[in-house]
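Thanks for asking me to look this one over. My notes are below as numbered points, so you can follow along with the structure open beside them.

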Amino acid sequence: MTRKTTGKTSNPKFDPAAAITNDLIKIIERGTLPWRQPWKGGAAPVPLRHCGTPYKGTNAFLLTIQQMLSGYTSPYWMTMLQANEQDARIRKGEKSSLVVRYGTYESREDAEIDVDDNAHEDGRRTRKFLKCYRVFNACQIDGLDDRYFPEQNDAPAYPSAEPIPHMQQFFDAIDITTIFTGRQAYYMPAVDRVYMPEMVHFNTAHDFYSTWSHELAHATKAPHRLNRDYGKSRFGNAPYSREEITAELTAWMLGQHLGFALHTIENTAAYIQHWVTVLRSDKNAIFKHAGDAQKACDYLIARSEEGRVPAPIAA
């Protein structure tokens, strides 16, 4: 049977992974990594859905960048429909931001199996999909309740070289050995230890905790922890760059959790090029590494909570 042709050329299917990755590359190619900029109130507020549920992983990362670049003071995001349901309206000319949703479905088609697909004995295939939808920040919407615009408080001032109590307590409770010595920060897999300079060698306490987060993130890749392996790593190669991206995103997520700004790790052109190279070589890289970073962040939070000594009960 011959199909009739209309003579019209269909538009290529929209690829959310490619669109998001290309936008991120454009931002990074400006010469700085925006999530390292210091911001008012310590760490940027965690992006929230209209119901107050925090975004996680890739969506939290992407929306935080939009908050910072656009100067939005509200952490809340919602679709046009969600805004309309509250008798609110998107202001004319405002541009939406993309967020993604992952899922799976089963298929019996004889199509080529994707890398992440799983084949079953009865011929079924479980396939992963990525869909996107568009959201707006509350600052782009007229008519919303005041609850979507919480007051922004300045971060408390701490002495530059003294521990910040709640941050220090968090890191001290993690059962990954850290040795404070020397002037370099690194994780040594052979002995499963993190090595850190003492706090007095950092400009601020935030610098210290940001760097400690980054090295603890590397420690989560150990086989007896999250067993993260991107391949044989050498300085500057693809596995090295991928692990660095995951560690940085983990530190950024911990910064949002604890309230420190991630603006201390090197911001050189060479380091930025590592990001661009990985993103250009794989449109799904940011989703993979943000997902791995979320796992590492959740792991460190869980280890800290498990190892924390309860405060004594007052008599």
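**Notes on the model**

1. Let me begin with a loop residue: D229 counts as exposed, because its relative accessibility is 62% and the cut-off for exposed is over 50%. You will find D229 in the loop between α5 (205–219) and α6. From D229 to R242 the C-alpha distance is 9.6 Å, with their positions 13 residues apart in sequence. The loop between α5 and α6 also holds N227. N227 has a phi near 55°, which is a positive value in a residue other than glycine.

2. A word on confidence, please, before going further. This is a predicted model, with a mean pLDDT of 83 for the protein, and 80% of the residues reach 70 or more. Two stretches deserve some care when you read them. Over residues 38–42 the pLDDT stays under 50, and the model gives them 13 contacts beyond four places in sequence. Residues 110–117 also have pLDDT below 50, and the model shows 13 contacts for this stretch beyond near neighbours in sequence.

3. Now the overall picture. The protein has eight helices and 10 strands. Of its 315 residues, 45% are buried. Among contacts with a separation of 6 or more, 71% join residues 24 or more positions apart.

4. Which residues touch the most other members of the largest nonpolar core? They are I28, W35, F61, F171, Y209 and W275, in a core of 62 residues. Helix α8 (residues 285–307) supplies the largest share of this core, with nine residues. Another core lies apart from it and has 11 residues, including L48, M78, I141 and L144.

5. F61 is a good residue to click on next. Setting aside neighbours within four places in sequence, F61 contacts L24, W35, L249, W252, W275 and I286. Two of these partners, W35 and W275, appear with F61 in the list of core residues that touch the most other members.

6. F61 also takes part in a helix pair. Helix α2 (residues 57–70) packs against helix α6 (residues 238–258) at an angle of about 75°, and their axes are 11 Å apart. The angle therefore makes α2 roughly perpendicular to α6. On the α2 side the contact uses G57, A60, F61 and T64, and on the α6 side L249, W252, M253 and Q256. Sorted by class, the contact of α2 with α6 has five nonpolar and three polar residues, with no charged ones.

7. Helix α6 has a second partner worth viewing. With helix α7 (residues 269–281), α6 packs at an angle of about 105°, and the axes are 9 Å apart. This angle makes α6 roughly perpendicular to α7. From α6 the contact draws on Y240, S241, R242, E244, I245, E248 and L249, and from α7 on Y271, H274, W275, V278 and S281. By class, the contact of α6 with α7 comprises six nonpolar, three polar and three charged residues. L249 of α6 is listed in the contact with α2 and in the contact with α7.

8. Is Q67 buried or exposed? Q67 is buried, because its relative accessible area is 4% and the cut-off for buried is under 20%. Its place is in helix α2. Not counting residues up to four places away in sequence, Q67 touches P45, P47, Y72, S74, P75, W77 and N137.

9. H218 in helix α5 can be read in a similar way. H218 is buried, with a relative accessible area of 8%. Leaving out neighbours within four places in sequence, its contacts are Y187, R228, E243, E244 and A247. One of these, E244, is also listed for α6 in the contact with α7. The C-alpha atoms of H218 and A251 are separated by 10.0 Å, and the two residues are 33 residues apart along the chain.

10. A last backbone point, if you have a moment. D192 has a phi near 55°, a positive value in a residue other than glycine. Its place is in the loop between β9 (186–188) and β10 (193–196).

Methods
Residues numbered from 1 in each chain as written. Predicted model: local features only at pLDDT ≥ 70, side-chain atom pairs only at ≥ 80, totals over all residues. Heavy atoms only, no water. Axes fitted to C-alpha atoms, helices over the stretch in contact; angles between N-to-C directions. Helix = DSSP H or I, 4+ residues; strand = E, 2+ residues; numbered from the N terminus. Parallel < 35°, antiparallel > 145°, perpendicular 65-115°, else oblique. Contact = heavy atoms within 4.5 Å. Nonpolar A, V, L, I, M, F, W, Y, C, P; charged D, E, K, R; others polar. pLDDT = per-residue confidence, 0-100. Core = buried A, V, L, I, M, F, W, Y, C linked by side-chain atoms within 4.5 Å. Buried < 20%, exposed > 50% of the residue type's maximum accessible area, 1.4 Å probe, protein only.
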